[in-house]
Amino acid sequence: MSALAKLAASDLRGIAAALRRCGRGPGIARSELERVIDAEVAREVSEDLGRLYLSGASAAVVAECLELMAEAAGERCSLEDAVQLVTTGPELGLPTRDTYV
């Protein structure tokens, strides 16, 4: 999976802003990425961005794609929000409630 796909929406927006600010050339310096994300993650993201540049994408196009990814990531719900675990049966020693309807 792409390192970009694992990033939070705020990180994607930060990288997009850095691209718009500094990415007029064929890429963005890893030091600029490290201002937004962790150094190890920045290395992987730099490789992902490099592949996009090699395929012909400009910094402006990549920034726009990152904004779209951030928007999509913001709309995804977490597992904790989507699933509610309900237990029944003998006392488990956990805080439970009656599920009788």
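This report describes the fold, the nonpolar core, one helix pair and several individual residues of a predicted model.

**Overall architecture**

The secondary structure of the protein chain amounts to five helices and zero strands, and the order of its elements from the N terminus is α-α-α-α-α. Of the 101 residues in the protein chain, 26% count as buried. When contacts between residues at least 6 apart in sequence are considered, 61% of them join residues at least 24 apart.

**The nonpolar core**

The largest nonpolar core comprises 22 residues, and those with the most contacts inside it are I15, L19, V45, L49 and L66. At least two residues of this core are supplied by each of α1, α3 (39-54) and α4 (59-75). As a general background to such an arrangement, nonpolar side chains in soluble globular proteins tend to be buried together.

L19, one of the core residues with the most contacts, is found in helix α1, which spans residues 9-22. L19 counts as buried because its relative accessibility is 1%, a value to be read against the limit of under 20% that defines the buried class. Leaving out residues up to four places away in sequence, L19 touches I28, Y53, A59, V62, A63 and L66; L66 is itself listed among the core residues with the most contacts.

V62, one of the residues touched by L19, lies in helix α4 and is buried, with a relative accessible area of 2%. Apart from residues up to four places away in sequence, V62 touches L19, L49, L52, Y53 and A57. Y53 therefore appears in the contact list of L19 and also in the contact list of V62.

**How α1 packs on α4**

Two packed helices are described by the angle between their axes and the distance between the axes. The axes of α1 and α4 come within 8 Å and cross at roughly 165 degrees, which makes α1 roughly antiparallel to α4, since angles over 145 degrees fall in that class. The crossing of these two helices, α1 and α4, is left-handed.

On the α1 side, the contact is made by A9, L12, R13, I15, A16, L19 and R20, while α4 contributes A59, V62, A63, E64, L66, E67, M69, A70, E71, A73 and G74. The residues of this contact of α1 with α4 divide into 12 nonpolar, one polar and five charged.

**Pairs apart in sequence**

The table sets out C-alpha separations for four residue pairs, each with its spacing along the chain.

| Pair | Separation in sequence | C-alpha distance |
|---|---|---|
| L19 and S58 | 39 residues | 9.8 Å |
| V62 and A16 | 46 residues | 7.5 Å |
| E47 and A3 | 44 residues | 8.8 Å |
| A18 and I28 | 10 residues | 8.0 Å |

Both V62 and A16 are named in the contact of α1 with α4, V62 on the α4 side and A16 on the α1 side. I28, which is paired with A18 in the table, is also one of the residues that L19 touches.

**Further residues**

A18 has its place in helix α1, and its relative accessibility of 0% is the reason that A18 counts as buried. E47, by contrast, is placed in helix α3 and is partly exposed, because its relative accessible area is 40% and the partly exposed class lies between 20% and 50%.

E32 belongs to helix α2, which covers residues 30-34. With a relative accessibility of 12%, E32 counts as buried, and Glu is a residue type classed as charged. When its neighbours within four places in sequence are left aside, E32 is in contact with R21 and C22, and these two positions fall within the range of residues 9-22 given for helix α1.

Notes: Residues are numbered from 1 along each chain as its sequence is written. This is a predicted model: local features need pLDDT of at least 70, side-chain atom pairs count only at pLDDT 80 or more; totals for chains, interfaces and linings use all residues. Side-chain values use heavy atoms; hydrogens and water are left out. Helices (H or I, at least four residues) and strands (E, at least two) are DSSP runs, numbered from the N terminus. Buried means under 20% relative accessible area, exposed over 50%, partly exposed in between (1.4 Å probe, protein chains only). Contact means heavy atoms within 4.5 Å. A nonpolar core is a set of buried Ala, Val, Leu, Ile, Met, Phe, Trp, Tyr and Cys residues joined through side-chain atoms within 4.5 Å. Axes are lines fitted to C-alpha atoms, for helices over the stretch in contact, and angles run from 0 to 180 degrees between N-to-C directions. Angles under 35 degrees count as roughly parallel, over 145 as roughly antiparallel, 65 to 115 as roughly perpendicular and the rest as oblique. A crossing is left-handed if the near helix is turned anticlockwise from the far one by less than a right angle, and right-handed if clockwise.
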